[in-house]
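Below are my notes on this entry, set out as numbered points. Please read them with the model open.

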Amino acid sequence: MQDYVVNRPDEGAMRQVLKESGSSAVGAILRLAWQAGLLREEIQQLTWEQVDFLDQTIVLPDRSVPISEELCVWLSDLRDGRDRRLPEVVLSDRLQKPMAPQSISRLARAALDKAGLTEVRLIDLRHDFVLRQLEEHDWQYVSRITGVEAAGLNVHFAEHLEEKKVSTRIHREEPARIDEFALWKLLRAEKTNAAGVALWLTWQVGLQVEEIAALKWEQVDLDKECVKLPGKTVPLAGGVLSVLQELREQEPEAEWVLTAPRSGQPYDRTRLSKLVRAALIRAGLDNVTMRDLRLDCGLRAGGEGQIMALVRRKHSVTRNDVVTLLKVSRTTAYNRLKQMVKRGRLTQVGARYYLPQEVVPPEKQDKAIVDYLAQEGFAYRQDIARLLGIEAVQCRPILQRLVTAGQITQDRQRYLLPPSDEAVK
């Protein structure tokens, strides 16, 4: 297979072209391609409404592109010199009307040839932008602002990647923290696209990618608001139900819920996974996987409610309590509890988990104890347990650490502050 060639422009020559082009149409075209990485169609369709001068970004349908101070100022000057009633950024110099894609290519070609950049194409300016970003940022960031998926980076820009090959596999010790606001924005942007529907079905229904790829409309009962799977029936919530209703109206004759546009067949699970992964990266959710979303669905759908009820009943729970309650592995129980801690549903103290409003969080325990002793004079371990809202046995290592650090002293079973000149406030 022939190698993919990127003809990178000389920076000095490009700077000179931009200087000579001023505020002309070709100046806008070359800047948007070289300094923001926009495709020809994106340049043609760009409107002033999409240029956020406050945040210095260009907001496209599938991504947001941060722009430099230089480009932001140039665009601001261009807009100030225009009739504000004209929404498009790129207009022909003579007619002051939007340009056809072919005209954009022609103008760019003429300007590049005149500058001696005869081997450089308009698409090369975008690719040079991608390469400059790869020199400064990780591939997830570059994928997010350029819209180039991991596979595309591997194929076209592998020699410029630090590790030579992009890997979408995530390795971590703790469960991901899901930014629900960013996820909702992504779901609204994707709407009924394959990635959007797959994300809805994973996060709101808890389906695995294999189940989503094989899902047929005959399994979806929109009237009864449920999905029928082998051995179980899963209810559909408002958000995912609305998306499926809209998708069905768009494709009333489709057999599968998600059909690949070219083949007319159901998506291959690998391809569907890549589409979802690319969408998550573009949304800034680099560290989130479909498994994370499915686990979060399980927590919200039932497991989390059961855990919360148990905590309210027992005051605190351990991982083993959750294993027994939900009949899951110790690892799954640990991950669920960790996610609940990260989302502020629980507070962890040692090996036990409490309702946040009923305990003093670990980072505030030392001050709470010292303040209490300053007010009361002394305390027993049971007093400290009541103060912190935790089990008495859990107080022993906390108090022993404070004694060792010299912040408090111990007299038999009583704990006191040291003389005032030695106390660590």
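1. A charge sits over a ring if NZ of Lys or CZ of Arg is within 6 Å of the ring centre and within 35 degrees of the ring normal. Arg-132 meets this description with Trp-34: the charged end of Arg-132 sits over that ring, 4.8 Å from its centre. This is a predicted model, and the distances and angles in these notes should be read accordingly.

2. Arg-414 is placed in a similar way to a phenylalanine ring, lying over the face of Phe-378 at 4.4 Å from the ring centre. Phe-378 is taken up again in point 5, with its aromatic partner.

3. How many aromatic pairs does a search of the whole structure find? There are four. One of them is formed by Trp-184 and Trp-203, in an edge-to-face arrangement with 5.3 Å centre to centre and 70° between the planes. This pair links distant parts of the chain, 19 residues apart: Trp-184 belongs to helix 9 (residues 180–190) and Trp-203 to helix 10 (residues 194–203).

4. Are the two rings of that pair buried or exposed? Trp-203 is buried, because its relative accessibility is 2% and the cut-off for buried is under 20%. Trp-184 has a relative accessible area of 32% and is therefore partly exposed. Trp-184 and Trp-203 also belong to one aromatic cluster together with Trp-200.

5. Phe-378 and Tyr-380 form another edge-to-face aromatic pair, with 5.9 Å centre to centre and 90° between the planes. Phe-378 counts as partly exposed at 33% relative accessibility. Tyr-380 is likewise partly exposed, with a relative accessible area of 34%. The ring of Phe-378 thus has two contacts worth viewing together: Tyr-380 as its aromatic partner, and Arg-414 over its face.

6. On the strands: an open sheet of three strands has the order 4-5-6, and its pairing is antiparallel. Strand 4 (220–221) and strand 6 (232–235) are the edge strands, each pairing on one side only.

7. Strand 5 (residues 226–229) runs antiparallel to strand 6 and is joined to it by four bridges. Which residue of strand 6 is the bridge partner of Val-227? It is Val-234. Cys-226 stands opposite Pro-235, also in strand 6.

8. Strands 5 and 6 form a hairpin with two residues between them. Gly-231 lies in the turn and has a positive phi of about 85°.

Key: Residues numbered from 1 in each chain as written. Predicted model: local features only at pLDDT ≥ 70, side-chain atom pairs only at ≥ 80, totals over all residues. Heavy atoms only, no water. Pairing = 2+ DSSP bridges. Phe/Tyr/Trp six-rings, centres within 6.5 Å; stacked < 30°, edge-to-face > 60°. Buried < 20%, exposed > 50% of the residue type's maximum accessible area, 1.4 Å probe, protein only.
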